[in-house]
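Me: Please take a close look at one part of this predicted model, the site around the ligand. I would like a connected account of the contacts there.

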Amino acid sequence: MVLRIITSGFLASVLLLASCGSSSEKVEETMSDENKPFSIDDAKAVFTMRCASCHGDDGKLGMSGAKDLSVSKLSDKEILENVMNGKNAMPAFKEIIPNEQHEQILIYIKSLRK
Ligand code: HEC
């Protein structure tokens, strides 16, 4: 009898632990889904949404005096300065594009060069 109570108590706590464990794993999975690294495809999506209206999907549109990104020769640092702080008719994006996305955005911008 005593043994039975102990056993069932033990089992219950094992079950409890097991279910706790799996539910926190689930939370981690969902969180890591949401925090998955910003990919080059995400950078493309940002470009299409934020930049293509002036630069075009291929970087060559030149709307509102936008520079042709396929022939741009700027360094990474100059590109980021231009994009984050803006220049003439080019709006600043530092409030819109967070630091952790800069690298992929840079890679994507440079992939437009021929
Ligand atoms: C409202 C139109 C507009 C939008 C939207 C825009 N740009 Fe521009 N962009 C310009 C203009 C105009 C210039 C030229 C600025 C100058 O040098 O006078 C420019 C220049 C640039 C340059 C420098 C190219 C060079 O060789 O000098 C880069 C890089 C660039 N844009 C990237 C981007 C990116 C990335 C985005 C989106 C996050 C973006 N632009 C959104 C208008 C725009």
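Reply: In this predicted model, a convenient place to begin is His55, whose side chain has an N or O atom 2.7 Å from a nitrogen atom of the ligand. His55 also serves the metal, since the protein donors of the iron atom of the ligand are His55, through NE2, and Met90, through SD, and these lie 1.9 to 2.0 Å from the iron atom. Six donor atoms surround the iron atom of the ligand, and because the angles they subtend run from 85 to 179 degrees, the arrangement is octahedral. His55 belongs to helix 2, whereas Met90 lies in the loop between helix 3 and helix 4 (102-111), so this pair ties together parts that are 35 residues apart in sequence.

The oxygen atoms of the ligand have polar partners of their own: a polar side-chain atom of Asn88 lies 2.6 Å from a ligand oxygen atom, and a polar side-chain atom of Lys67 is found 3.0 Å from an oxygen atom of the ligand.

As for the wider setting, the ligand occupies the largest pocket, and the elements that contribute two or more residues to the shell around it are helix 2 (40-55) and helix 3 (76-85). Helix 2 provides the largest share of that shell, with five residues. In total, 23 residues surround the ligand, and the closest of them are Cys51, Cys54, His55, Ser72 and Met90. Sorted by class, the shell consists of 13 nonpolar, seven polar and three charged residues.

Definitions and conventions:
Residues are numbered from 1 along each chain as its sequence is written. This is a predicted model: local features need pLDDT of at least 70, side-chain atom pairs count only at pLDDT 80 or more; totals for chains, interfaces and linings use all residues. Side-chain values use heavy atoms; hydrogens and water are left out. A residue is near a molecule or strand if one of its heavy atoms lies within 4 Å of it. A polar contact is a pair of N or O atoms within 3.5 Å; within protein, one must be able to donate a hydrogen and the other to accept it, and residues adjacent in sequence count only if both atoms are side-chain atoms. On a 1 Å grid over the protein atoms alone, a cavity is a set of points where a 1.4 Å probe fits but cannot get out, and a pocket is an open set with protein on both sides within 12 Å along at least five of seven lines; lining residues have an atom within 4 Å of a point. A molecule sits in a cavity or pocket if more than half of its atoms lie within 2 Å of its grid points. Helices (H or I, at least four residues) and strands (E, at least two) are DSSP runs, numbered from the N terminus. Ala, Val, Leu, Ile, Met, Phe, Trp, Tyr, Cys and Pro count as nonpolar, Asp, Glu, Lys and Arg as charged, and the others, Gly among them, as polar. Donors are N, O and S atoms within 2.8 Å of the metal (3.2 Å for Na, K and Ca); water is not among the atoms, so sites may look incomplete. Four donors count as tetrahedral if all angles lie between 85 and 135 degrees; four count as square planar and six as octahedral if opposite donors are over 155 degrees apart and all others between 65 and 115; anything else is irregular.
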